[in-house]
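Let's take a walk through this protein together, from its overall build to a few single residues. Keep the viewer open and follow along as we go.

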Amino acid sequence: MNIRKFIPEDAVFCFKTRANPFIQKFSSELSSQAIAAGVNAYMPDDYIRMAEEMEFFILEKNEKSIAFFTIKKINKTTAEIPLVYIDLDCLGSGIGKTCLQYVEKWILSNWREVKELVVDTIIPEYNGGFYIKAGFVPTGETTCNFPDMSLKALRLTKKLNADGIVTGKMTK
Ligand SMILES: CC(C)(COP(=O)(O)OP(=O)(O)OC[C@H]1O[C@@H](n2cnc3c(N)ncnc32)[C@H](O)[C@@H]1OP(=O)(O)O)[C@@H](O)C(=O)NCCC(=O)NCCS
C-alpha cells in the first residue's frame with residue numbers, strides 16, 4: 001500500500017468514491033433529498049480546490065487508487081477528518097483503519113500542538129462503529145451544511161496521545 005498527496009488528476013476518482021456509498025449504502029439513514037444534496041455537495045473541481053485548503057491524501061494498492069482522506073485544523077489544538085472514503089469493493093479489509101492510523105501519525109509529526117481529532121458523521125448508524133472501534137467517542141450533535149441542505153450529524157472525538165513523539169528527553 002502507498003499513501004501519497006492528492007493531484008488534480010485524482011478529482012474524478014474522489015467524486016466517484018464518495019458518490020457511490022451515498023447512492024448504495026446510506027439510504028437507510030438519509031432521505032433521497034439528503035443523498036442528492038450530499039452527492040452534489042462536491043463536484044470533481046471542488047476536490048481540486050479542497051486540496052489547496054487542507055491536507056489531502058490518496059491511498060493506492062497495486063498502483064490503483066482505492067481510498068482518499070483529508071485532514072484540516074479547525075483550531076489551534078483540534079484537527080478534523082472532513083472526508084474518508086474507501087472504494088466499496090475494498091471495504092472490510094483494514095483500509096479505513098490504515099487511513100485513520102496515517103492521519104494520527106501525520107498529525108503527531110506535523111501538528112504537535114493538536115491534541116484532539118474530530119469527525120462528524122451524518123450516517124452514524126452506518127459508520128459510527130468504525131470510529132468507536134478506532135478509539136473515538138461520541139461528543140455531541142452538530143450540523144453538516146451542504147449547499148443544498150443542512151443535515152444533523154454526530155461528532156466523534158479522539159484525544160491524541162503524544163507518546164509516539166520523540167522528544168529527545170532521556171529516560172533514567
Ligand atoms: C467507514 C469506512 C471508512 C470503514 O472502512 P473499512 O476499510 O471498511 O474499515 P476497516 O476494514 O479498516 O475496519 C477497521 C475496524 O473497524 C471495524 N468496522 C469497520 N466498519 C465498521 C462499522 N460500520 N461498525 C463497526 N465496526 C466497523 C472493522 O471490523 C475493523 O475492526 P478490527 O480492527 O477489529 O478488525 C468505510 O466503510 C467507508 O468508506 N464507508 C463509506 C464512506 C464513509 O462512511 N465515510 C465516512 C464518512 S464520515
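**A loop, a core and a ligand**

N62 sits in the loop that links strand 2 to strand 3. Before going further, please keep in mind that this is a predicted model. N62 has a phi near 50°, a positive value in a residue that is not glycine. E63 is found in the loop between strand 2 and strand 3 as well, and its phi is also positive, at about 65°, although E63 is not a glycine. As background, most residues other than glycine have a negative phi. How many other C-beta atoms lie within 10 Å of N62? There are 7, so N62 is exposed. E63 counts as exposed because it has 6 C-beta neighbours inside 10 Å.

Now step back to the whole chain. The protein chain holds 5 helices and 8 strands, and from the N terminus on they follow the order β-α-α-α-β-β-β-β-α-β-α-β-β. Its C-alpha atoms fill a box of roughly 60 × 40 × 30 Å along the principal axes. The radius of gyration is 16 Å, which agrees with the value near 16 Å for a compact globule of 172 residues. Of those 172 residues, 26% are buried. Contacts that reach far along the sequence are part of the picture too: among contacts between residues at least 6 apart in sequence, 61% join residues at least 24 apart.

Next, the interior. In soluble globular proteins, nonpolar side chains tend to be buried together. Here the largest nonpolar core has 30 residues, and F68, F69 and V103 have the most contacts inside it. Elements that each supply at least two residues of this core include helix 1 (11–24), strand 2 (55–61), strand 3 (64–75) and strand 5 (84–86). Helix 4 (95–110), strand 6 (116–121) and strand 8 (149–159) each supply at least two as well.

Which residues does F69 touch, leaving aside its neighbours within four places in sequence? They are F57, I81, L83, V84, C99 and V103. F57 lies in strand 2, and with 20 other C-beta atoms within 10 Å it is buried, because 20 is enough to meet the cut-off. Setting aside residues within four places in sequence, F57 is in contact with I3, R4, K5, F6, F68 and F69. F57 and M1 are 56 residues apart in sequence, yet their C-alpha atoms are 13 Å apart in space.

Helix 1 deserves a look of its own. Its 14 residues reach 20 Å from the first C-alpha to the last, close to the 20 Å expected at 1.5 Å a residue. The buried residues in helix 1 are A11, F13, C14, T17, P21 and F22. Their cover includes helix 2 (32–41), helix 3 (44–53), strand 3 and strand 5.

Helix 3 is also where you will find M50. Is M50 buried or partly exposed? M50 is partly exposed, as it has 18 other C-beta atoms within 10 Å. Not counting residues up to four places away in sequence, M50 touches F56 and T70. M50 and F6 are 44 residues apart in sequence, and 10.0 Å separates them from C-alpha to C-alpha.

Continue to the loop between helix 3 and strand 2, which holds M54. M54 counts as partly exposed because it has 16 C-beta neighbours inside 10 Å. Not counting residues up to four places away in sequence, M54 touches T70, I71, K72 and P82. M54 and T70 are 16 residues apart in sequence and 6.7 Å apart from C-alpha to C-alpha.

Finally, turn to the ligand. There are 17 residues around it, and I86, G96, K97, G129 and F130 come nearest. Strand 5, helix 4 and helix 5 (124–133) are the elements that give two or more residues to this shell. Which element gives the most to the shell around the ligand? That is helix 5, with 5 residues. By class, the shell has 8 nonpolar, 7 polar and 2 charged residues. Strand 5 and helix 4 are worth a second glance, since you have met them before: each supplies at least two residues of the nonpolar core, and each gives two or more residues to the shell around the ligand.

Key
Residues are numbered from 1 along each chain as its sequence is written. This is a predicted model: local features need pLDDT of at least 70, side-chain atom pairs count only at pLDDT 80 or more; totals for chains, interfaces and linings use all residues. A nonpolar core is a set of buried Ala, Val, Leu, Ile, Met, Phe, Trp, Tyr and Cys residues joined through C-beta atoms within 7 Å. A residue is buried if 20 or more other C-beta atoms lie within 10 Å of its own, exposed if 12 or fewer, and partly exposed in between; C-beta atoms are placed from the backbone. Helices (H or I, at least four residues) and strands (E, at least two) are DSSP runs, numbered from the N terminus. Two residues are in contact if their C-beta atoms, placed from the backbone, lie within 7 Å. A residue is near a molecule or strand if its C-beta atom, placed from the backbone, lies within 6 Å of it. Ala, Val, Leu, Ile, Met, Phe, Trp, Tyr, Cys and Pro count as nonpolar, Asp, Glu, Lys and Arg as charged, and the others, Gly among them, as polar. The radius of gyration is taken over C-alpha atoms; the globule rule is 2.2 Å times the number of residues to the power 0.38. The expected span of a helix is 1.5 Å times one less than its number of residues.
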